[in-house]
Amino acid sequence: MSSPSLSERVETWRLKGNLEEFRGRRIHTYFQDGEGPLLVLLHGFPTCSYDWRYTVDLMPDRAILAFDFIGFGLSDKPRDHAYTLSWQADLTEELIVRHWEDKPAFVCAHDLGTSVATELLARDLAGELRFDLAGMMLFNGSILVEKSNPTLAQKLLRGPLGPLAARFSNEAFFRRQFSSVFGSEHPMTDADAADYWSLMTYNDGNRLGHKLVSYMDERVIYADRWHGAVSRWQGDLNLAWGMQDPVAVPDILDGLLEMRPELPVVRMPEIGHYPQVEDPERFVRVVSECLDKTRSSL
């Protein structure tokens, strides 16, 4: 039975996926069988796998796994959960193994998802990863958090009044904040805003913002581990960036290239924080080029 709070487009996306259980929690998961390597899509804060709705439509022959991290979208949103990126990485590993066994997977990660991805790199370096990581593309994530420019909402949620800010969150404030991260040539639409607000408020998830934003603190705590993984992992690592991003600003991309000057990078000058939503065709071309390169090296 569908929730009356979901928009029609979101309800269509919900029905394409399934609820799967992990450690007693229900996780909304979309799996599409097809050509490998498996494309694993990791979303960011405060959105969910709905970010990838255009991507999956434009890649009908590709094996794809996209899911909502716990606390986001259509997955469970427990009040008593410790929302750590390590838990999200455990979830990612389990779903990949569950759907793809020991075949190669390619991880494409955005925003918060880039830190889950760098944790996977660290695990792979330590010989602890449960799946075959064939390659990775990171885009528009504040991996170097000291260079980032958080939104007002993120600052409020992360501060001492975070629980209060989450409690009094409303759609008008969300729309202002969300629209500010889109590029000028591809502005947020009213339909997108309505969709994402319905996903955030599903099961009162908007009241959890102060817990979900703790990933920003983890980026400081585990900086050495995750930055070291970016520097030392010798697999097929790629960068792409919407250059109008006001949050994960281009300075972060420059910093990553200082760490690894040889990394291949695609710059998208007219795009903001959400390339996969703002210009889906361009985004899929970039991902496809990375996948083709990875596949040819397998």
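## A bridge between two helices

Let's start with K16 and D57, whose side chains meet in a salt bridge at 3.4 Å, N to O. A salt bridge here is a side-chain nitrogen of Lys or Arg within 4 Å of a carboxyl oxygen of Asp or Glu. K16 sits in helix α1 (residues 8-16) and D57 in helix α2 (residues 53-58), so the contact ties together parts that are 41 residues apart in sequence. Helices (H or I, at least four residues) and strands (E, at least two) are DSSP runs, numbered from the N terminus. K16 is partly exposed, with a relative accessible area of 40%; buried means under 20%, exposed over 50%, and partly exposed in between (1.4 Å probe, protein chains only).

A quick word on the ground rules: this is a predicted model, where local features need pLDDT of at least 70 and side-chain atom pairs count only at pLDDT 80 or more, while totals for chains, interfaces and linings use all residues. Residues are numbered from 1 along each chain as its sequence is written, and side-chain values use heavy atoms, with hydrogens and water left out.

## More salt bridges

The structure has 23 salt bridges. Side chains of opposite charge can pair when their charged atoms come close. Take E35 and R295, which form a salt bridge at 3.4 Å, N to O. This one links distant parts of the chain, with E35 in strand β3 (residues 35-42), R295 in helix α14 (residues 280-297), and their positions 260 residues apart. Both ends are partly exposed: E35 has a relative accessible area of 42%, and R295 comes in at 34%.

R98 and E94 make a more local pair, with a salt bridge at 3.1 Å, N to O. They are four residues apart in helix α3 (residues 85-100), which means about one helical turn separates them. R98 is partly exposed at 37% relative accessible area, whereas E94 is buried at 17%. Elsewhere, salt bridges with shared partners join R23, D90, E93, E119, R123 and R225 into one network.

## The sheet and its helices

Eight strands make up an open sheet with mixed pairing, in the order β1-β2-β4-β3-β5-β6-β7-β8. Two strands pair if DSSP finds at least two bridges between them. At the edges stand β1 (18-22) and β8 (265-268), each with a single partner strand, so one side of each has no neighbour in the sheet. From one strand to the next, the twist averages 25°. Angles run from 0 to 180 degrees between N-to-C directions, using axes fitted to C-alpha atoms, for helices over the stretch in contact.

β1 and β2 (residues 25-32) run antiparallel and are joined by five bridges; E21 has R26 as its bridge partner in β2. Helix α3 lies across β1, β2, β3, β4 (62-67) and β5 (105-110), at about 115° to β1. Helix α14 lies across β3, β4, β5, β6 (133-139), β7 (236-242) and β8, at about 155° to β6.

## A buried lysine

Which side chain of opposite charge is nearest to K77? D68 is, at 7.4 Å, and K77 is buried yet has no salt bridge. Lys and Arg count as positive and Asp and Glu as negative; His and the chain ends are not counted.

K77 is in the loop between β4 and α3. Its side chain reaches the backbone oxygen of L199 at 2.9 Å, and a polar atom of that K77 side chain lies 2.9 Å from the backbone oxygen of G73. Leaving out residues up to four places away in sequence, K77 touches (heavy atoms within 4.5 Å) G71, F72, Y83, L199, M200, Y202, N203, G205 and L208.

Definitions and conventions:
A polar contact is a pair of N or O atoms within 3.5 Å; within protein, one must be able to donate a hydrogen and the other to accept it, and residues adjacent in sequence count only if both atoms are side-chain atoms.
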